[in-house]
Amino acid sequence: MVQDFEALYAASYPRLRRVLAAMTLDVADADDALQEAFTRAAARGRKVGDLDDPEAWVRRVALNQAMDQHRRRARDRRQVTTEVVQELDPQLLDLKAALQALPLRQRQALVLHHLLDLSVADTARELGRPEGTVKAQLMRGREALGKLLDQTREAGS
């Protein structure tokens, strides 16, 4: 079981960290959410290890943790400061800024669908939303993202 957990951690952590960092726009928050998720997975041992897709369980717990962090900040009305996601190529910094401007639910759907290559159905299942809602969030998110990126390009010209 220890070897299975170590293999899950080694294989999943870097990918999930990139996804959560893109979603939360904060590497520290992504790390915190993932550490909590992996701690819970380790505490549950075989229950998680026996699942068909333990990484999906860890991802779901980490997403929930990240959402809780976001809600706490919003409730406290603190200004959320984000550090630059170091894994991002400098050319993608405009994308980071555009993602930051999107509502959290649209950002979550876009990141899971496009960065993790989850299907609409899988994205809906991960987020606990109806497929139609996810489709609408993806459509609106892509549209808003396109407009924001166009504005950034026009401003830079």
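## Helix α6 and its surroundings

Helix α6 comprises twelve residues and reaches 15 Å from its first C-alpha to its last, close to the 16 Å expected at 1.5 Å a residue. The model described here is predicted. Helix α6 is mostly covered, since nine of its twelve residues are buried. The buried positions are Leu 104, Gln 106, Arg 107, Gln 108, Ala 109, Leu 110, Val 111, Leu 112 and His 113.

Just after α6, Asp 117 takes a positive phi of about 55°. Asp 117 belongs to the loop between α6 and α7, and its phi is positive although the residue is not a glycine. With a relative accessibility of 64%, Asp 117 counts as exposed, because the cut-off for that class is over 50%.

Gln 106, one of the buried residues of α6, can also be placed relative to Ala 136. These two residues are 30 apart in sequence, and their C-alpha atoms are 8.9 Å apart in space. Ala 136 lies in helix α8. Its relative accessible area is 19%, so Ala 136 falls under the 20% limit and is classed as buried.

## The largest nonpolar core

The largest nonpolar core holds 38 residues, of which Leu 20, Leu 34, Val 58, Leu 112 and Leu 145 touch the most other members. Two or more residues are given to this core by each of α1 (2-24), α2 (27-44), α4 (54-76), α5 (93-101), α6 (104-115), α7 (120-127) and α8 (131-156). The largest share, eight residues, comes from α1. In soluble globular proteins, nonpolar side chains tend to be buried together.

Leu 20 shows which residues one such member meets. Leaving aside residues up to four places away in sequence, Leu 20 touches Leu 25, Ala 30, Ala 33, Leu 34, Ala 62, Leu 63 and Ala 66. Among these neighbours, Leu 25 is found in the loop between α1 and α2. Leu 25 is buried, with a relative accessible area of 2%, and has a positive phi of about 65° although it is not a glycine.

## Helix α2

Helix α2 has 18 residues and spans 26 Å from its first C-alpha to its last, close to the 26 Å expected at 1.5 Å a residue. Its buried residues are Val 27, Asp 29, Ala 30, Ala 33, Leu 34, Ala 37, Phe 38 and Ala 41. Seen down the helix axis, the buried residues of α2 fall within an arc of 160°, so they line one face of the helix.

Both ends of this helix have a distinct feature. At the N-terminal end, Asp 26 acts as a cap, with a side-chain oxygen 2.9 Å from the backbone nitrogen of Ala 28. Just after α2, Gly 45 takes a positive phi of about 45°.

## Aromatic pairs

The count of aromatic pairs comes to four. Tyr 9 and Phe 38 form one of them, an edge-to-face pair with 4.8 Å centre to centre and 65° between the planes. This pair links distant parts of the chain, with Tyr 9 in helix α1 and Phe 38 in helix α2, 29 residues apart. Tyr 9 is partly exposed, with a relative accessible area of 31%, whereas Phe 38 is buried at 2%.

Phe 38 also pairs with Tyr 13: the ring centres are 6.0 Å apart and the planes stand at 35°, so this pair is tilted. Tyr 13 lies in helix α1 and Phe 38 in helix α2, so the pair ties together parts that are 25 residues apart in sequence. Both Tyr 13 and Phe 38 are buried. Ring pairs link Phe 5, Tyr 9, Tyr 13 and Phe 38 into a cluster.

## A buried glutamate in α7

Glu 126 is found in helix α7 and counts as buried at 9% relative accessibility. Its side chain makes a polar contact of 3.1 Å with the side chain of Arg 59.

Not counting residues up to four places away in sequence, Glu 126 touches Ala 56, Arg 59, Arg 60, Leu 63, Leu 112 and Leu 118. Of these, Leu 63 is also touched by Leu 20, and Leu 112 is one of the buried residues of α6.

Technical notes: Residues are numbered from 1 along each chain as its sequence is written. This is a predicted model: local features need pLDDT of at least 70, side-chain atom pairs count only at pLDDT 80 or more; totals for chains, interfaces and linings use all residues. Side-chain values use heavy atoms; hydrogens and water are left out. A nonpolar core is a set of buried Ala, Val, Leu, Ile, Met, Phe, Trp, Tyr and Cys residues joined through side-chain atoms within 4.5 Å. Buried means under 20% relative accessible area, exposed over 50%, partly exposed in between (1.4 Å probe, protein chains only). Helices (H or I, at least four residues) and strands (E, at least two) are DSSP runs, numbered from the N terminus. Contact means heavy atoms within 4.5 Å. Rings of Phe, Tyr and Trp (its six-membered ring) pair if their centres lie within 6.5 Å; planes under 30 degrees apart count as stacked, over 60 as edge-to-face and the rest as tilted. A polar contact is a pair of N or O atoms within 3.5 Å; within protein, one must be able to donate a hydrogen and the other to accept it, and residues adjacent in sequence count only if both atoms are side-chain atoms. The expected span of a helix is 1.5 Å times one less than its number of residues. The arc is that of the directions from the helix axis to the C-beta atoms.
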